Amino acid sequence: MKDKPIIALLYDFDRTLCTQDMQNYTFIPSLGYNPAQFWQKANTFGWENHMDGLLAYMYTMIEECRAQGITLDREYLRRCGEAIELFPGVKEWFSRINAFGEEQGVTVEHYVLSSGLTEIIAGSGIAHEFKKIYACEFFYRDGKACWPKLDVNFTNKTQFVYRINKGVLDVSDDRRLNDSMPDDSKRVPFTNMIYFGDGLSDVPCMKMMRSYGGQAIAVYQEGNRAAVEDLLAKGRVNFIFPADYREGTALDTTVKNILRRMAITDALTSENERQLRSIGQGILPYQETLFE
């Protein structure tokens, strides 16, 4: 029996599922900084040393914790994630959308593509909802963070979209990722993807969705509404909505309509393929009526 089609929902995390940068809730205050001070310090270090901005902030985290005698380990970062404030309806969103997908005859999978930290996301209470979390990670020696292991910056996020498309989810597996693969053998077609973001940092993935037949959605809080409206006006996203994931909202209704349409498209494609196979085997549909 043919497996059910898969539809992948891909999310940025900061300001898309939670209300601000995830480091702002607990980690930065624990250093005695406010967010503006910490990000200014990290960004200045990056500019002065011509570094990738995310590597600069990860280095700053390590150095600040070392200077202040804070043990930067996985457990500490997970505890920092416990204070994350999710947008309304996020906790209930995944099971509801999964159930709706089942009703439509498709399997819905959820993925994170974030410039935040995997360990902080692990403490957010929703990490178990995702098939895979692609976010910045540290390498740990003797239990302590000592080196960046993975950097998910604004442009290389698209690499992870390709991984989801091909089903090559292990970040160390570059060979299979770069192997040629027929479109009909790819695990999740681009046309079965929806990307959720909140701003310019998501544009590469949003543009990818728009170019390859997927859908791009930008969510907003009142403070960044104008910037998100600009994304819509410039054709960088398909839809924009307030960051409210509760049942019955415009976001909820539209995503269900997209899922419904994707499911119908998959069903029609499968029927077309079935008929073509039948013809190739000499079994034409309604063959018994051809010579009446």
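In this predicted model, the lining of the second largest pocket comprises four nonpolar, seven polar and six charged residues. This report describes that pocket, the largest pocket, and a pair of packed helices.

**The two pockets**

The second largest pocket encloses about 380 Å³ of space. Its lining is formed by 17 residues, and those nearest the centre are Asp14, Asp21, Leu54, Ser115 and Phe154. Three elements, α2 (35-48), α3 (53-68) and β2 (107-117), each contribute at least two residues to the lining of this pocket.

The largest pocket has a volume of about 620 Å³. Its lining consists of 20 residues, with Asp183, Asp184, Lys186, Pro189 and Asp266 lying nearest its centre. Helix α11 (residues 250-280) gives the most to this lining, namely five residues. Sorted by class, the lining of the largest pocket holds four nonpolar, seven polar and nine charged residues.

The table sets out the two pockets side by side.

| Pocket | Volume | Lining |
|---|---|---|
| Largest pocket | about 620 Å³ | 20 residues |
| Second largest pocket | about 380 Å³ | 17 residues |

**The packing of α2 and α3**

Helices α2 and α3, which both supply residues to the lining of the second largest pocket, also pack against each other. Two packed helices are described by the angle between their axes and the distance between the axes. For α2 and α3, the angle is about 115° and the axes are 8 Å apart. The crossing of α2 past α3 is right-handed.

On the side of α2, the contact is made by Phe38, Trp39, Lys41, Ala42, Phe45 and Gly46. On the side of α3, Ala56, Tyr57, Tyr59, Thr60, Met61 and Glu64 take part. By class, the residues of this contact are eight nonpolar, two polar and two charged.

**An aromatic pair between the helices**

The structure contains 17 aromatic pairs. One of them joins Phe45 and Tyr59 in a stacked arrangement, at 4.8 Å centre to centre and with 5° between the planes. This pair links distant parts of the chain, as Phe45 lies in helix α2 and Tyr59 in helix α3, 14 residues apart. Phe45 and Tyr59 are also among the residues that make the contact of α2 with α3.

Conventions. Residues numbered from 1 in each chain as written. Predicted model: local features only at pLDDT ≥ 70, side-chain atom pairs only at ≥ 80, totals over all residues. Heavy atoms only, no water. 1 Å grid on protein atoms, 1.4 Å probe; cavity = no way out; pocket = protein on both sides within 12 Å on 5 of 7 lines; lining within 4 Å. Points joined across faces, edges and corners; volume = space filled by probe spheres on them. Helix = DSSP H or I, 4+ residues; strand = E, 2+ residues; numbered from the N terminus. Nonpolar A, V, L, I, M, F, W, Y, C, P; charged D, E, K, R; others polar. Axes fitted to C-alpha atoms, helices over the stretch in contact; angles between N-to-C directions. Left-handed = near helix turned anticlockwise from the far one by under 90°. Contact = heavy atoms within 4.5 Å. Phe/Tyr/Trp six-rings, centres within 6.5 Å; stacked < 30°, edge-to-face > 60°.
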